[in-house]
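Visitor: Could you guide me through this model, taking a sheet and then a helix?

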Amino acid sequence: MERTGAMNIVLDAFNAAPSLRVAAHVIGWPFKWLGLKGDPSMPPATRALTALGPAYIKFGQVLSTRPDMVGDEMAAQLMVLQDKLAPFPREIAVETVESSLGASLENLFSEFSEPIAAASIAQVHKARLAGTGEEVAVKILRPKVERAFRKDIDAFYFAASFIEMFSPSSRRLKPSDVIRHFDGVVQGELDLRLEAAAAGEYAANTANDAGFVVPHANFGMSAKRVMVMDWAEGIPFADVEAVAAAGHDRRALGERVLQLFLRHALNDGYFHADMHQGNLKVSAGAEIIAYDFGIMGRIDEYTRRVYAEILMGFIQKDYRRVAEVHFEAGYVPADRDIDEFAQALRAVGEPIFGMDANQISMARLLNYLFEVTQRFGMETRTELILLQRTMVVVEGVARTMHPQINIWQVAQPVVESYIRQNVGPAAAIKDLAKTALVVARFGPKLPGLVEAALSGRNASTSGSAPKKRTFGTNLLFILVGMLAASNIGLLYLLLP
Ligand SMILES: Nc1ncnc2c1ncn2[C@@H]1O[C@H](COP(=O)(O)OP(=O)(O)O)[C@@H](O)[C@H]1O
Ligand SMILES: [Mg+2]
């Protein structure tokens, strides 16, 4: 940063405290000469991040979605990191394709373009399949990208352990765990077979989502370093002027992107976790096209319910309920005061309720939220990192598309419909029905288990061969389970 002149710009963008400024300049001073030079044609911050390596680029991509936090100019500069980085030469791409797919380029494609987009880990070429003449996108990993990431992540591990050693107050944030999580995410991203599988799963989940398209992945032509998928054309999400000029409704698009994310996270528990503008386009038919399935988030059913209840609590301004959910889920240590926590949540929620996004200072809000987590000794939950990160990104993307967006109003129908189906009596019945199915699966083993339990012996040492599972016993157990489920469901309904 010091070498490229980005230091002051970054410190200004983050409103850094004077002490931090002095420390940064003192530590950074030798790097005025020792630092990486980077590409002088780029603006300072972008130049510094690209010179540092792919992991830093990812960080810059997230910041680029938040002009409200880093400033309009800085966000515009950082947007280059989303999909307009310097590509590697076409010849290397061709070599990678040929060695990965085990055939010559002519046998695979009748046309193969120069790179059309490039980001931190890969670049994309437009091509035409030799067999069918279909237009496809070919995504190819950057050469040596694994090594570049390894270097960055090792440095992060080192920094994390350094911070943990010298700043006891940072330990609740679990820096090393966070880096380990990031490491895992990146490892997954570096295998395009996994990305093709993710594209397939995501496409199946979202097949019925109106106004949303996921390009179809060609599994037969995907390898570790190469992935082929249907070509999908559109106007980049970042180019809001062009989107409006093409006659698309910016408000509808902004709202839809937020609702889609919430619906995927809540209903499917599987969401696109890298939804910056570089990975979104608007098709001629006003559909939102999503690209790049390298980072996907998964949340289990329990966490989804917790998340929905927290959102619902905020929407209904029921801060006590939000607080209770945090305690129940163990997000706040049990020895803290629940009423004080509810009060702090009210202080977070009240000022933003009913306001347009452009009236809320997200930077101030996040700062305050951070203070709250500190005051109540809340620890980092690595299973929530992708969800939290994506919320910050998607909200930024939605409000860039439609600055007057009211996120609570937009979120409400999605959260309400999820809660109706998944929390309360209907959910209790569903849970019990699932339990009954599990019991039914164990059906043939149950008599033996009961006998073993009653006679105090271990079932596995009894020596008897497992009895054959019959349709009749399964059915019986399902029926018993269903009966129990419906009774408990009824009770649930009748109780006040
Ligand atoms: N199927 C596709 N059809 C058309 N363009 C695509 C397709 N897939 C990717 N692209 C373009 O290539 C860019 C980079 O692809 P992406 O998968 O996001 O790579 P990276 O992981 O390096 O960010 C995207 O931003 C998009 O503009
Ligand atoms: Mg991308």
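**A sheet and a helix**

Guide: Four strands form an open sheet with mixed pairing, in the order β4-β10-β9-β7; strands are DSSP runs of E of at least two residues, helices runs of H or I of at least four, both numbered from the N terminus, and two strands pair if DSSP finds at least two bridges between them. This is a predicted model, in which local features need pLDDT of at least 70 and side-chain atom pairs pLDDT 80 or more, while totals for chains, interfaces and linings use all residues. Residues are numbered from 1 along each chain as its sequence is written, with chains lettered from A and ligands numbered from 1 in the order written.

Visitor: Which strands stand at the edges of the sheet?

Guide: A strand with a single partner has one side left without a neighbour in the sheet. That is so for β4 (212–213) and β7 (235–236).

Visitor: Which residue stands opposite Leu280 in β10?

Guide: Strands β9 (residues 280–282) and β10 (residues 288–290) run antiparallel and are joined by three bridges. Opposite Leu280 stands Ala290.

Visitor: What arc do the buried residues of α9 cover around the axis?

Guide: A residue is buried if 20 or more other C-beta atoms, placed from the backbone, lie within 10 Å of its own, exposed if 12 or fewer, and partly exposed in between. In α9, Ala93, Thr96, Val97 and Leu101 are buried. Judged by the directions from the helix axis to the C-beta atoms, they lie on the same side of α9, because their arc is only 100°.

Visitor: Which exposed residues does the opposite face of α9 carry?

Guide: This face is turned away from the buried side of α9. Its exposed residues are Glu91 and Ser99.
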